[in-house]
Amino acid sequence: MSQASGKICIIRLGSLGDLVLMVPMLRALRSAFPSKEIHLVCKEKYAGLFDGGGLVDSLIPVRRGDLREIVDLRSALGRGGYEALVDAHGVIRSRLLLLALRAPTKIRIRKNEIEKAALIVGKMNLYRRVTTQTERYAELARKLGAEIREPYAELPVPPGAVRTAEAACARAGRGGKPLIAFAPGARWPTKRWPAELFARLIFEASARGLDPLLIGGAEDAATNAEVAALSRSSPLDLTGSLSIIESAAVLKRCGALVTNDSAPLHLAEAVGTPVIAFFGPTVREFGYFPRLAASTALETALPCRPCSRNGKRACPYGTKECLASIEPATALDALLRTLGETRGRS
(Lines give C-alpha, C1' and ligand atoms only; values in the text may rest on other atoms or scores of the structure.)
Protein backbone atom coordinates (compact mmCIF):
# COMPACT_ATOMS: atom_id res chain seq x y z
CA MET A 1 0.00 0.00 0.00
CA SER A 2 1.01 3.62 -0.43
CA GLN A 3 2.19 5.78 2.45
CA ALA A 4 -0.63 8.27 1.83
CA SER A 5 -3.48 8.69 4.27
CA GLY A 6 -6.21 6.07 4.26
CA LYS A 7 -7.93 3.56 6.50
CA ILE A 8 -7.22 -0.08 7.33
CA CYS A 9 -9.89 -2.23 8.97
CA ILE A 10 -8.89 -5.40 10.83
CA ILE A 11 -11.58 -7.91 11.77
CA ARG A 12 -10.97 -10.16 14.77
CA LEU A 13 -14.23 -11.18 16.48
CA GLY A 14 -12.51 -13.11 19.33
CA SER A 15 -10.72 -14.03 21.51
CA LEU A 16 -8.71 -12.03 24.05
CA GLY A 17 -5.55 -14.12 23.67
CA ASP A 18 -5.57 -13.65 19.91
CA LEU A 19 -5.97 -9.90 20.26
CA VAL A 20 -2.97 -9.81 22.59
CA LEU A 21 -0.91 -11.77 20.07
CA MET A 22 -1.90 -9.20 17.43
CA VAL A 23 0.05 -6.42 19.19
CA PRO A 24 3.29 -6.86 17.13
CA MET A 25 1.21 -6.69 13.92
CA LEU A 26 -0.54 -3.50 15.04
CA ARG A 27 2.79 -1.94 16.04
CA ALA A 28 4.23 -2.82 12.61
CA LEU A 29 1.28 -1.28 10.78
CA ARG A 30 1.46 1.87 12.91
CA SER A 31 5.19 2.19 12.17
CA ALA A 32 4.89 1.47 8.44
CA PHE A 33 1.83 3.65 7.82
CA PRO A 34 1.87 6.54 10.31
CA SER A 35 -0.60 8.56 8.22
CA LYS A 36 -3.24 5.83 7.99
CA GLU A 37 -6.08 5.16 10.41
CA ILE A 38 -6.20 1.68 11.89
CA HIS A 39 -9.67 0.44 12.80
CA LEU A 40 -10.26 -2.79 14.69
CA VAL A 41 -13.46 -4.82 14.88
CA CYS A 42 -13.48 -6.87 18.08
CA LYS A 43 -15.74 -7.99 20.90
CA GLU A 44 -16.81 -5.12 23.12
CA LYS A 45 -15.66 -6.88 26.29
CA TYR A 46 -12.07 -7.00 24.99
CA ALA A 47 -11.86 -3.40 23.76
CA GLY A 48 -10.20 -2.26 27.02
CA LEU A 49 -7.04 -4.11 25.99
CA PHE A 50 -6.16 -1.15 23.79
CA ASP A 51 -7.07 1.66 26.21
CA GLY A 52 -4.54 4.46 25.93
CA GLY A 53 -2.04 2.40 23.95
CA GLY A 54 -2.25 4.29 20.66
CA LEU A 55 -2.18 1.09 18.60
CA VAL A 56 -5.58 1.65 16.97
CA ASP A 57 -7.48 4.80 16.04
CA SER A 58 -10.97 3.35 16.27
CA LEU A 59 -12.48 0.32 17.96
CA ILE A 60 -15.66 -1.04 16.41
CA PRO A 61 -17.32 -3.15 19.11
CA VAL A 62 -19.21 -6.38 18.56
CA ARG A 63 -21.52 -7.44 21.37
CA ARG A 64 -23.07 -10.78 20.42
CA GLY A 65 -21.34 -11.63 17.17
CA ASP A 66 -24.44 -13.36 15.78
CA LEU A 67 -25.55 -13.20 12.15
CA ARG A 68 -27.92 -10.28 12.68
CA GLU A 69 -25.18 -8.18 14.22
CA ILE A 70 -22.82 -9.17 11.40
CA VAL A 71 -25.38 -7.88 8.87
CA ASP A 72 -25.61 -4.58 10.76
CA LEU A 73 -21.83 -4.43 10.95
CA ARG A 74 -21.61 -4.92 7.19
CA SER A 75 -23.70 -1.81 6.66
CA ALA A 76 -21.57 0.24 9.06
CA LEU A 77 -18.26 -0.92 7.62
CA GLY A 78 -19.52 -0.43 4.07
CA ARG A 79 -19.64 3.31 4.73
CA GLY A 80 -16.10 3.36 6.07
CA GLY A 81 -14.26 3.85 2.78
CA TYR A 82 -11.48 1.44 3.70
CA GLU A 83 -8.36 1.06 1.60
CA ALA A 84 -7.68 -2.38 3.05
CA LEU A 85 -9.80 -4.97 4.83
CA VAL A 86 -8.11 -7.71 6.85
CA ASP A 87 -9.86 -10.86 8.05
CA ALA A 88 -7.61 -11.80 10.98
CA HIS A 89 -10.04 -14.43 12.30
CA GLY A 90 -10.83 -16.78 9.43
CA VAL A 91 -14.24 -18.00 10.60
CA ILE A 92 -17.50 -18.04 8.67
CA ARG A 93 -18.75 -14.73 10.10
CA SER A 94 -15.54 -12.84 9.34
CA ARG A 95 -15.33 -14.39 5.87
CA LEU A 96 -18.88 -13.29 5.11
CA LEU A 97 -17.97 -9.75 6.13
CA LEU A 98 -14.90 -9.76 3.91
CA LEU A 99 -16.88 -11.06 0.94
CA ALA A 100 -19.71 -8.56 1.41
CA LEU A 101 -17.50 -5.47 1.68
CA ARG A 102 -15.59 -3.58 -0.98
CA ALA A 103 -12.00 -2.39 -0.72
CA PRO A 104 -8.98 -2.18 -3.07
CA THR A 105 -7.11 -4.64 -0.85
CA LYS A 106 -8.67 -7.59 0.96
CA ILE A 107 -6.63 -10.28 2.71
CA ARG A 108 -7.48 -13.21 4.95
CA ILE A 109 -5.48 -15.12 7.55
CA ARG A 110 -4.20 -18.55 6.58
CA LYS A 111 -5.03 -21.35 9.00
CA ASN A 112 -3.86 -24.96 8.98
CA GLU A 113 -7.36 -26.42 9.18
CA ILE A 114 -6.60 -29.64 7.29
CA GLU A 115 -3.50 -30.33 9.36
CA LYS A 116 -5.35 -29.51 12.58
CA ALA A 117 -8.26 -31.81 11.75
CA ALA A 118 -5.89 -34.65 10.78
CA LEU A 119 -4.06 -34.33 14.09
CA ILE A 120 -7.23 -34.20 16.19
CA VAL A 121 -9.28 -36.86 14.43
CA GLY A 122 -6.70 -39.20 12.93
CA LYS A 123 -3.65 -38.39 15.12
CA MET A 124 -1.69 -37.85 11.90
CA ASN A 125 0.84 -35.02 12.16
CA LEU A 126 0.91 -33.36 8.74
CA TYR A 127 2.49 -30.14 10.00
CA ARG A 128 5.75 -29.37 8.21
CA ARG A 129 6.61 -26.78 10.84
CA VAL A 130 5.01 -25.13 13.83
CA THR A 131 3.64 -21.71 12.86
CA THR A 132 2.77 -19.50 15.81
CA GLN A 133 -0.29 -17.30 15.76
CA THR A 134 2.00 -14.27 15.90
CA GLU A 135 3.68 -15.49 12.70
CA ARG A 136 0.27 -15.79 11.03
CA TYR A 137 -0.43 -12.17 11.91
CA ALA A 138 3.05 -11.22 10.66
CA GLU A 139 2.13 -12.70 7.28
CA LEU A 140 -0.93 -10.44 7.15
CA ALA A 141 1.26 -7.42 7.92
CA ARG A 142 3.69 -8.36 5.14
CA LYS A 143 0.85 -8.61 2.64
CA LEU A 144 -0.04 -5.03 3.50
CA GLY A 145 3.58 -3.95 3.11
CA ALA A 146 4.65 -3.82 6.75
CA GLU A 147 7.42 -5.91 8.30
CA ILE A 148 7.30 -6.99 11.95
CA ARG A 149 10.70 -6.13 13.38
CA GLU A 150 9.62 -6.62 17.00
CA PRO A 151 8.02 -10.08 17.25
CA TYR A 152 7.92 -9.70 21.03
CA ALA A 153 6.78 -6.06 21.08
CA GLU A 154 5.31 -5.24 24.47
CA LEU A 155 1.72 -4.25 25.01
CA PRO A 156 1.55 -0.54 25.94
CA VAL A 157 0.36 -0.09 29.54
CA PRO A 158 -0.89 3.44 30.32
CA PRO A 159 0.13 5.21 33.56
CA GLY A 160 -3.38 4.98 35.05
CA ALA A 161 -3.30 1.20 34.82
CA VAL A 162 0.15 1.15 36.43
CA ARG A 163 -1.12 3.19 39.37
CA THR A 164 -4.12 0.88 39.79
CA ALA A 165 -1.79 -2.14 39.76
CA GLU A 166 0.42 -0.58 42.41
CA ALA A 167 -2.57 0.03 44.64
CA ALA A 168 -3.97 -3.46 44.06
CA CYS A 169 -0.66 -5.09 44.95
CA ALA A 170 0.00 -2.91 47.99
CA ARG A 171 -0.97 -5.78 50.31
CA ALA A 172 1.42 -8.19 48.60
CA GLY A 173 5.10 -8.29 47.81
CA ARG A 174 6.09 -6.95 51.21
CA GLY A 175 9.50 -7.67 52.62
CA GLY A 176 11.01 -8.16 49.18
CA LYS A 177 9.05 -11.34 48.47
CA PRO A 178 8.70 -11.99 44.71
CA LEU A 179 5.12 -11.65 43.45
CA ILE A 180 3.87 -14.70 41.57
CA ALA A 181 0.54 -14.61 39.73
CA PHE A 182 -1.70 -17.67 39.38
CA ALA A 183 -4.53 -17.93 36.86
CA PRO A 184 -6.45 -21.17 37.54
CA GLY A 185 -9.33 -20.28 35.23
CA ALA A 186 -9.91 -21.00 31.57
CA ARG A 187 -12.95 -20.67 29.34
CA TRP A 188 -13.38 -24.44 29.03
CA PRO A 189 -13.10 -26.80 32.04
CA THR A 190 -11.12 -29.31 29.98
CA LYS A 191 -8.21 -26.84 29.82
CA ARG A 192 -8.03 -26.24 33.59
CA TRP A 193 -5.31 -27.87 35.69
CA PRO A 194 -7.23 -29.29 38.68
CA ALA A 195 -8.03 -26.80 41.45
CA GLU A 196 -6.55 -28.98 44.17
CA LEU A 197 -3.22 -29.13 42.31
CA PHE A 198 -3.17 -25.36 41.86
CA ALA A 199 -3.84 -25.05 45.61
CA ARG A 200 -0.97 -27.38 46.51
CA LEU A 201 1.38 -25.44 44.24
CA ILE A 202 0.38 -22.11 45.80
CA PHE A 203 0.94 -23.54 49.29
CA GLU A 204 4.40 -24.83 48.33
CA ALA A 205 5.31 -21.55 46.63
CA SER A 206 4.30 -19.61 49.74
CA ALA A 207 6.35 -21.95 51.91
CA ARG A 208 9.39 -21.04 49.81
CA GLY A 209 9.04 -17.32 50.35
CA LEU A 210 7.05 -16.42 47.25
CA ASP A 211 4.03 -14.12 47.46
CA PRO A 212 1.09 -15.51 45.44
CA LEU A 213 -1.82 -13.61 43.96
CA LEU A 214 -4.82 -14.83 41.98
CA ILE A 215 -5.86 -13.16 38.76
CA GLY A 216 -8.71 -13.62 36.31
CA GLY A 217 -12.02 -12.22 35.13
CA ALA A 218 -15.38 -12.32 36.88
CA GLU A 219 -16.10 -15.61 35.11
CA ASP A 220 -13.16 -17.17 37.00
CA ALA A 221 -14.42 -16.17 40.45
CA ALA A 222 -15.75 -19.59 41.49
CA THR A 223 -12.66 -21.46 40.30
CA ASN A 224 -10.25 -19.03 41.95
CA ALA A 225 -12.23 -18.96 45.20
CA GLU A 226 -12.03 -22.76 45.37
CA VAL A 227 -8.26 -22.66 44.79
CA ALA A 228 -7.82 -19.96 47.45
CA ALA A 229 -9.83 -21.96 50.01
CA LEU A 230 -7.84 -25.13 49.35
CA SER A 231 -4.43 -23.45 49.35
CA ARG A 232 -4.29 -22.67 53.10
CA SER A 233 -2.07 -19.68 52.34
CA SER A 234 -4.49 -16.74 51.81
CA PRO A 235 -3.23 -15.53 48.42
CA LEU A 236 -4.17 -12.00 47.40
CA ASP A 237 -7.28 -12.51 45.24
CA LEU A 238 -7.67 -9.88 42.50
CA THR A 239 -10.17 -11.92 40.49
CA GLY A 240 -12.73 -9.76 38.73
CA SER A 241 -11.47 -6.51 40.29
CA LEU A 242 -9.31 -5.30 37.40
CA SER A 243 -9.79 -4.30 33.78
CA ILE A 244 -7.85 -6.16 31.11
CA ILE A 245 -5.14 -3.52 30.84
CA GLU A 246 -4.93 -3.23 34.66
CA SER A 247 -4.44 -7.00 34.81
CA ALA A 248 -1.58 -6.58 32.35
CA ALA A 249 -0.06 -3.95 34.64
CA VAL A 250 -0.29 -6.33 37.62
CA LEU A 251 1.30 -9.15 35.60
CA LYS A 252 4.14 -6.80 34.63
CA ARG A 253 4.96 -6.46 38.35
CA CYS A 254 5.14 -10.25 38.85
CA GLY A 255 8.17 -12.48 38.57
CA ALA A 256 6.14 -15.14 36.75
CA LEU A 257 2.63 -16.34 36.00
CA VAL A 258 1.38 -19.91 36.47
CA THR A 259 -1.55 -20.44 34.12
CA ASN A 260 -3.59 -22.72 31.95
CA ASP A 261 -3.68 -22.45 28.16
CA SER A 262 -5.75 -19.27 28.28
CA ALA A 263 -5.63 -15.50 27.72
CA PRO A 264 -3.53 -14.61 30.83
CA LEU A 265 -0.66 -16.61 29.32
CA HIS A 266 -0.45 -14.26 26.36
CA LEU A 267 -1.22 -11.15 28.43
CA ALA A 268 1.71 -11.90 30.76
CA GLU A 269 4.17 -12.55 27.94
CA ALA A 270 2.99 -9.37 26.19
CA VAL A 271 4.38 -7.35 29.14
CA GLY A 272 7.56 -9.42 29.42
CA THR A 273 6.55 -11.72 32.28
CA PRO A 274 7.47 -15.41 31.79
CA VAL A 275 4.88 -18.11 32.32
CA ILE A 276 4.59 -21.70 33.44
CA ALA A 277 1.64 -22.96 31.38
CA PHE A 278 -0.31 -26.22 31.50
CA PHE A 279 -1.34 -27.75 28.17
CA GLY A 280 -3.72 -30.70 27.87
CA PRO A 281 -6.29 -30.96 25.05
CA THR A 282 -4.29 -28.66 22.75
CA VAL A 283 -0.73 -28.96 21.45
CA ARG A 284 2.20 -26.88 20.23
CA GLU A 285 1.27 -27.28 16.57
CA PHE A 286 -1.82 -25.12 17.05
CA GLY A 287 0.42 -22.08 17.53
CA TYR A 288 -0.39 -20.88 21.05
CA PHE A 289 2.50 -22.21 23.14
CA PRO A 290 4.57 -19.71 25.19
CA ARG A 291 6.99 -17.60 23.14
CA LEU A 292 9.42 -16.13 25.69
CA ALA A 293 12.66 -18.01 26.24
CA ALA A 294 12.15 -18.01 30.02
CA SER A 295 8.65 -19.49 29.78
CA THR A 296 7.83 -23.18 30.19
CA ALA A 297 5.02 -25.32 28.81
CA LEU A 298 4.12 -28.35 30.92
CA GLU A 299 2.38 -31.27 29.22
CA THR A 300 2.04 -35.05 29.29
CA ALA A 301 2.54 -37.04 26.10
CA LEU A 302 -0.58 -39.16 25.62
CA PRO A 303 -1.86 -40.88 22.46
CA CYS A 304 -5.26 -39.16 22.81
CA ARG A 305 -3.76 -35.66 22.49
CA PRO A 306 -4.90 -33.39 20.98
CA CYS A 307 -8.58 -34.09 21.51
CA SER A 308 -9.91 -30.64 20.66
CA ARG A 309 -9.02 -27.55 18.63
CA ASN A 310 -9.66 -25.19 21.57
CA GLY A 311 -10.53 -27.31 24.62
CA LYS A 312 -14.27 -26.93 24.18
CA ARG A 313 -14.93 -30.68 24.02
CA ALA A 314 -15.09 -32.62 27.27
CA CYS A 315 -12.36 -35.17 27.94
CA PRO A 316 -13.36 -38.28 25.92
CA TYR A 317 -12.29 -40.51 28.83
CA GLY A 318 -13.59 -38.31 31.63
CA THR A 319 -10.21 -38.29 33.41
CA LYS A 320 -8.37 -35.16 32.18
CA GLU A 321 -5.25 -37.29 32.64
CA CYS A 322 -3.28 -35.02 30.30
CA LEU A 323 -3.47 -32.29 32.98
CA ALA A 324 -4.12 -34.24 36.17
CA SER A 325 -0.89 -36.22 35.67
CA ILE A 326 1.25 -33.05 35.93
CA GLU A 327 2.44 -32.93 39.54
CA PRO A 328 2.69 -29.71 41.59
CA ALA A 329 6.33 -30.60 42.30
CA THR A 330 7.04 -30.47 38.56
CA ALA A 331 5.36 -27.08 38.27
CA LEU A 332 7.21 -25.78 41.35
CA ASP A 333 10.56 -26.85 39.89
CA ALA A 334 9.71 -25.05 36.65
CA LEU A 335 8.66 -21.93 38.57
CA LEU A 336 11.81 -21.80 40.69
CA ARG A 337 13.97 -22.43 37.64
CA THR A 338 12.24 -19.61 35.76
CA LEU A 339 12.71 -17.19 38.67
CA GLY A 340 16.38 -18.15 38.91
CA GLU A 341 16.92 -17.58 35.20
CA THR A 342 15.16 -14.21 35.10
CA ARG A 343 17.06 -12.99 38.18
CA GLY A 344 20.30 -14.08 36.56
CA ARG A 345 19.60 -11.93 33.51
CA SER A 346 18.49 -8.86 35.46
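A pocket is here an open set of grid points with protein on both sides within 12 Å along at least five of seven lines, and its lining residues have an atom within 4 Å of a point. With that in hand, welcome to a short tour of this structure, which is a predicted model.

## Pocket and cavity

Let us begin with the second largest pocket, which holds about 310 Å³ of space. Which residues line the second largest pocket? Going along the chain, they are Arg110, Lys111, Asn112 and Glu115, then Leu126, Tyr127, Arg128, Arg129 and Thr131, and finally Arg136 and Glu139. Sorted by class, seven of these lining residues are charged, two are polar and two are nonpolar.

There is also an enclosed space to look at. The count of cavities of 30 Å³ or more comes to one, and the largest cavity has a volume of about 40 Å³. Its wall is drawn from several parts of the chain: Leu21, then Thr132, Gln133 and Thr134, then His266, and then Gly287, Tyr288, Phe289 and Arg291. By class, this lining has five polar, three nonpolar and one charged residues.

Thr134, one of the residues lining the largest cavity, deserves a second look. Thr134 sits in helix H6, which spans residues 133–144. Is Thr134 buried or exposed? With a relative accessible area of 7%, it falls under the 20% cut-off, so Thr134 is buried. Setting aside residues up to four places away in sequence, Thr134 touches Leu21, Pro24, Pro151 and Arg291. Leu21 and Arg291 also appear in the lining of the largest cavity.

## Strands and their pairing

Strand E2 covers residues 37–43, and six of its seven residues are buried. E2 has partners in both E1 and E3. Strand E1 (residues 7–11) runs parallel to E2 and is joined to it by five bridges; within this pairing, Lys7 has Glu37 of E2 as its bridge partner. Strand E3 (residues 58–62) likewise pairs with E2 in the parallel sense over five bridges, and here Val41 is matched with Ile60 of E3.

Further along the chain there is an open sheet of six strands, in the order E8-E7-E6-E9-E10-E11, with parallel pairing. Its edge strands are E8 (236–237) and E11 (296–298), each of which pairs on one side only. Within the sheet, E6 (residues 179–183) and E9 (residues 256–260) run parallel and are joined by four bridges. Ile180 has Ala256 in E9 as its bridge partner.

## Helices and selected residues

In helix H5 (residues 113–121), the buried residues include Lys116, Ala118, Leu119 and Ile120. Lys123 follows H5 and has a positive phi, near 55°.

The table below gathers the burial of five residues.

| Residue | Relative accessible area | Class |
|---|---|---|
| Cys42 | 0% | buried |
| Thr134 | 7% | buried |
| Val162 | 32% | partly exposed |
| Asn224 | 0% | buried |
| Cys304 | 26% | partly exposed |

Asn224 lies in helix H9 (residues 221–231). What does Asn224 contact, leaving aside its neighbours within four places in sequence? Its contacts are Pro184 and Gly185, then Leu214, Ile215 and Gly216, and also Thr239. Asn224 is buried because its relative accessible area is 0%, which lies under the 20% limit.

Val162 belongs to helix H7 (residues 159–168). Its relative accessible area of 32% lies between 20% and 50%, so Val162 counts as partly exposed. Apart from neighbours within four places in sequence, Val162 is in contact with Val157 and Ala249. Its C-alpha atom is separated by 34 Å from that of Glu327, a residue 165 places apart from Val162 along the chain.

## Cysteines

A disulfide is a covalent bond between the sulfur atoms of two cysteines. How many disulfides does the count give? The count comes to zero. For Cys42, the nearest cysteine sulfur belongs to Cys9 and is 11 Å away. As the cut-off for a disulfide is 2.5 Å, Cys42 is therefore in no disulfide. Cys42 counts as buried, at 0% relative accessibility. For Cys304, the nearest cysteine sulfur is that of Cys322, 6.4 Å away, and Cys304 is in no disulfide either. Cys304 is partly exposed, with a relative accessible area of 26%.

How values were computed: Residues numbered from 1 in each chain as written. Predicted model: local features only at pLDDT ≥ 70, side-chain atom pairs only at ≥ 80, totals over all residues. Heavy atoms only, no water. 1 Å grid on protein atoms, 1.4 Å probe; cavity = no way out; pocket = protein on both sides within 12 Å on 5 of 7 lines; lining within 4 Å. Points joined across faces, edges and corners; volume = space filled by probe spheres on them. Nonpolar A, V, L, I, M, F, W, Y, C, P; charged D, E, K, R; others polar. Buried < 20%, exposed > 50% of the residue type's maximum accessible area, 1.4 Å probe, protein only. Pairing = 2+ DSSP bridges. Helix = DSSP H or I, 4+ residues; strand = E, 2+ residues; numbered from the N terminus. Contact = heavy atoms within 4.5 Å.
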